[in-house]
Every structure is written in structure tokens, then in C-alpha cells.
Amino acid sequence: GVPVATPTLIGTGGPISFPAQFVAGTYTIIAVDPVSFCTSLMTGNAVITFNASPIKPFISHGNTSVCEGVSVILIDPSVNSNSIQWNLNGSPIPGATSNTYSAAVSGSYTVTETNANGCPATSDPVIVVINPLPDVSVDTMVCLNAVPFTWNGINITGAGDYPFTTTSAAGCDSITTLHVTVTAVITKDID
């Protein structure tokens with residue numbers, strides 16, 4: 001048979017709303033008088049259509065743990081969506097509506113695709129970690145009679161700046177400068 005909508009409504013001439021329906025089809029509407037319980041078939045039918053949801057998108061990416069100054073390129077390879085919105089930690093990223101996004105901030109990234117029927121689907125998250133560069137500043141003072149010497153493989157020949165590379169636990173390299181100051185040797189004659 002034909003499913004029958006069951007809400008009891010008093011005639012207002014306005015639109016009729018239905019409880020949630022989960023089966024597509026054509027529904028017959030029957031009006032019931034609340035006093036006499038007489039029924040009357042209303043003119044017209046209610047047609048319920050369910051639009052297909054888009055396929056859950058996925059994010060294509062390379063390494064998601066990189067050093068500061070490097071971005072993680074996220075790609076939504078879908079070609080079947082009407083619109084795309086990239087999200088960071090659950091919030092839309094303003095202007096991030098193309099198939100690729102360059103993530104330069106640590107966080108949880110997803111992409112939401114909306115099909116032509118207005119039905120959205122959101123990807124599983126991709127966690128991006130942007131590791132800070134090591135922040136090392138080295139100043140040292142040595143006595144003149146201690147020069148030359150070797151420090152971390154660098155030959156120190158006198159006062160000046162000596163560049164060297166430091167690496168963080170995450171593998172991020174940074175060029176730092178060792179500032180060397182040379183002081184005179186103080187001698188005192190003993191009588």
C-alpha cells in the first residue's frame with residue numbers, strides 16, 4: 001500500500017509539516033476532523049525525495065611532520081563535489097576552497113565537500129605538526145692563551161663569529177653563530 005502520513009493537524013490553510021520520513025516515495029495526505037474524526041482525502045500528494053550523500057572525501061598528503069618554514073601540501077583529489085571547504089581544528093579556514101591547501105600551522109585538518117544537492121561529507125582528519133627550528137645563541141669568552149681551540153668540530157682561531165648548524169630532536173636544522181670574545185691573559189709577577 002501507500003504509506004500514510006500520520007500527524008493530526010487542524011486546518012489552517014498553511015503548509016503541512018511531516019515527521020521525519022526515511023523512505024522515499026509518494027505519500028497520501030488524509031485530513032482528520034478532530035471533533036467528528038471524519039476523514040477526507042486532501043488534494044495533492046507529498047513527494048519525498050532523498051538526495052544521495054557525497055562519497056566521504058579523503059586527503060592525500062606527504063610527510064605531515066615538517067620543520068618551521070615548510071608547509072604540508074594537502075590535496076583533495078575529488079572531482080565530483082560542487083564545493084570544497086578546508087577546516088582547521090573543526091573550523092572553516094577562510095578562503096580555503098580549492099582542491100589543494102598548504103598547511104603551515106600545526107593542527108587537525110579536514111576537508112568538507114558539498115555535492116550539487118547541498119549534501120556535505122567530511123574527510124577523516126590529518127594531523128599536521130610544524131616543528132620549531134632550534135633557537136640557539138652561543139656567546140663565549142676565552143683567554144688569549146686558550147686560542148686556537150676546537151669547539152664542536154669548528155676551529156676557533158680568535159675573536160669573531162663562527163657559524164654552525166644545530167639540529168633539534170625533530171630533525172630541524174638551523175644555522176647559528178658562535179660569538180667568541182678573546183680577553184687578554186692577566187699575569188701578575190710574584191716577587
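**Exercise 1. A proline and its peptide bond**

Pro148 has its place in the loop between strand S12 (138–143) and strand S13 (149–151). Determine which residue is joined to Pro148 by a cis peptide bond, and state omega.

*Solution.* The model is predicted, so local features need pLDDT of at least 70 and side-chain atom pairs count only at pLDDT 80 or more, whereas totals for chains, interfaces and linings use all residues. Residues are numbered from 1 along each chain as its sequence is written, and side-chain values use heavy atoms, with hydrogens and water left out.

Step 1. Strands are DSSP runs of E with at least two residues, numbered from the N terminus. The loop that holds Pro148 runs between strands S12 and S13.

Step 2. The partner is Val147, and omega of the cis bond is about 0 degrees.

Step 3. For context, most peptide bonds are trans, and most residues other than glycine have a negative phi.

**Exercise 2. Two asparagines with positive phi**

Locate Asn89 and Asn152, give phi for Asn89 and for Asn152, and decide whether each is buried or exposed.

*Solution.* Step 1. Asn89 sits in the loop that connects strand S6 (83–88) with strand S7 (91–92). Its phi is near 55 degrees, a positive value in a residue that is not glycine.

Step 2. Asn152 occupies the loop between S13 and strand S14 (154–156). Phi of Asn152 is near 50 degrees, again positive in a residue other than glycine.

Step 3. A residue is buried under 20% relative accessible area, exposed over 50% and partly exposed in between, with a 1.4 Å probe and protein chains only. Asn89, at 53% relative accessibility, is therefore exposed. Asn152 is exposed as well, because its relative accessible area is 63%.

**Exercise 3. The salt bridge**

Identify the side chains that meet in a salt bridge, and describe where the partners lie.

*Solution.* Step 1. A salt bridge requires a side-chain nitrogen of Lys or Arg within 4 Å of a carboxyl oxygen of Asp or Glu. By this rule the count is 1 salt bridge.

Step 2. The partners are Asp124 and Lys56, at 2.7 Å from N to O. Asp124 belongs to the loop between strand S10 (120–122) and strand S11 (126–131), and Lys56 to the loop between S2 and strand S3 (60–61), so the pair ties together parts that are 68 residues apart in sequence.

Step 3. Asp124 is partly exposed, with 47% relative accessible area. Lys56 is likewise partly exposed, at 47%.

**Exercise 4. A nonpolar surface patch**

Name the residues of the nonpolar patch that includes Phe37, and give their accessible area together.

*Solution.* Step 1. Patch residues have over 30% relative accessible area and no salt bridge; like charges are joined within 9 Å, and nonpolar side chains (Val, Leu, Ile, Met, Phe, Trp, Tyr) within 5 Å. Areas come from the Shrake-Rupley method with a 1.4 Å probe, and for residues only the protein chains shown count as cover.

Step 2. The patch is formed by Ile30, Val32 and Phe37, which together have about 270 Å² of accessible area.

Step 3. Phe37 lies in the loop between strand S1 (25–32) and strand S2 (39–48). With 61% relative accessibility, Phe37 counts as exposed.

**Exercise 5. Contacts across the sequence**

For Thr176, Ser65, Gly158 and Ser108, give a residue separated from each along the chain and the C-alpha separation.

*Solution.* Step 1. Thr176 is part of strand S16 (residues 173–183) and is buried at 5% relative accessibility. Its C-alpha atom is 6.4 Å from that of Val136, although 40 residues separate the two along the chain.

Step 2. Ser65 is in strand S4 (residues 65–67) and is partly exposed at 36%. Ser65 and Ala170 are 8.7 Å apart, C-alpha to C-alpha, and 105 residues apart in sequence.

Step 3. Gly158 falls in the loop between S14 and strand S15 (160–167) and is buried, with 14% relative accessible area. From Gly158 to Leu144 the C-alpha separation is 8.0 Å, at 14 residues along the chain.

Step 4. Ser108 is found in strand S9 (residues 107–114) and is partly exposed at 22%. The C-alpha atoms of Ser108 and Gly90 are 7.6 Å apart, with their positions 18 residues apart along the chain.

Methods:
Helix = DSSP H or I, 4+ residues; strand = E, 2+ residues; numbered from the N terminus.
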